[in-house]
Amino acid sequence: IEKIMHPEIDASLVDLGMIENVKLKGNKVSLTMVFPFPGVPIKYMLMESVKESLEKLGLEVEIKERTMSEEELQNFFKMEQERWKGM
């Protein structure tokens with residue numbers, strides 16, 4: 001999970017604070033994806049990249065989601081500004 005990169009920011013989803021509460025029980029993994037705001041345009045692409053990476057390991061995946069708090073959002077924007085790839 002730590003190696004799954006954000007497509008537009010030179011940082012992993014973990015570094016950006018977008019993945020939390022990872023729990024592994026047998027061959028089932030559950031986690032929460034944290035988004036900066038509701039309706040993130042690439043939300044489903046990000047969720048699918050996490051799901052695919054884990055399913056390749058033979059795991060069943062459950063993903064919950066929530067929106068970032070104000071403090072988390074400030075940290076996210078700071079890192080985004082520092083590491084934006086500028087496509």
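This is a short walk through the strands and helices of a predicted model.

I'll start with the strands. Strand β1 covers residues 19-25 and pairs with β2 in the antiparallel sense, over five bridges. For one position to look at, take Ile 19, which stands opposite Met 33 in β2. The two strands form a hairpin with two residues between them, and in that hairpin Gly 26 takes a positive phi, near 65 degrees.

There is a second positive phi to mention. Most residues other than glycine have a negative phi. Asn 21 is not a glycine, yet its phi is positive, near 55 degrees. This residue is found in strand β1. Is Asn 21 buried or exposed? Neither quite applies: at 44% relative accessibility, Asn 21 counts as partly exposed.

Now β2, residues 28-35. This strand is mostly covered, with seven of its eight residues buried. On one side of the pairing we have already met β1, in the antiparallel sense. The other partner is β3, residues 60-67, and here the pairing is parallel, over eight bridges. As an example of that register, Thr 32 has Lys 64 as its bridge partner in β3.

One residue of β2 shows contacts to both partners. Ser 30 lies in β2. Its relative accessible area is 19%, and the cut-off for buried is under 20%, so Ser 30 counts as buried. Leaving out residues up to four places away in sequence, Ser 30 touches Asn 21, Val 22, Lys 23 and Glu 62. Asn 21 on that list is the residue with the positive phi.

Next, the first helix. What do β2, α1 and β3 make together? They make a β-α-β unit, and it is right-handed. Helix α1 runs over residues 43-55. At 1.5 Å a residue, its 13 residues should span 18 Å, and the end C-alpha atoms are indeed 18 Å apart.

Which residues of α1 are buried? They are Lys 43, Leu 46, Met 47, Val 50 and Leu 54. Viewed down the helix axis, these fall within an arc of 100 degrees, so they line one face of α1. The cover over them includes β1, β2 and β3.

A lysine in that list deserves a comment. Lys 43 is found in α1 and is buried, with a relative accessible area of 13%. What does the Lys 43 side chain make a polar contact with? The partner is the side chain of Glu 65, at 2.5 Å. Not counting residues up to four places away in sequence, Lys 43 touches Phe 35 and Glu 65.

Last, helix α2, residues 70-83. Its 14 residues, at 1.5 Å each, should span 20 Å, and the end C-alpha atoms are 20 Å apart, so the two values agree. Buried residues in α2 are Leu 73, Phe 76 and Met 79. They cover an arc of only 130 degrees around the axis, which puts them on the same side of the helix. The face turned away from that buried side carries exposed residues: Glu 70, Glu 71, Lys 78, Gln 81 and Glu 82.

To recap, β2 pairs with β1 in the antiparallel sense and with β3 in the parallel sense. Helix α1 lines up its buried residues on one face, and α2 has its buried residues on the same side. That is the tour.

Definitions and conventions. Residues numbered from 1 in each chain as written. Predicted model: local features only at pLDDT ≥ 70, side-chain atom pairs only at ≥ 80, totals over all residues. Heavy atoms only, no water. Buried < 20%, exposed > 50% of the residue type's maximum accessible area, 1.4 Å probe, protein only. Helix = DSSP H or I, 4+ residues; strand = E, 2+ residues; numbered from the N terminus. Pairing = 2+ DSSP bridges. Right-handed = clockwise from strand over helix to strand, strands pointing away. Expected span 1.5 Å × (residues − 1). Arc of directions from axis to C-beta. Contact = heavy atoms within 4.5 Å. Polar contact = N/O pair within 3.5 Å; in protein donor to acceptor, adjacent residues only side chain to side chain.
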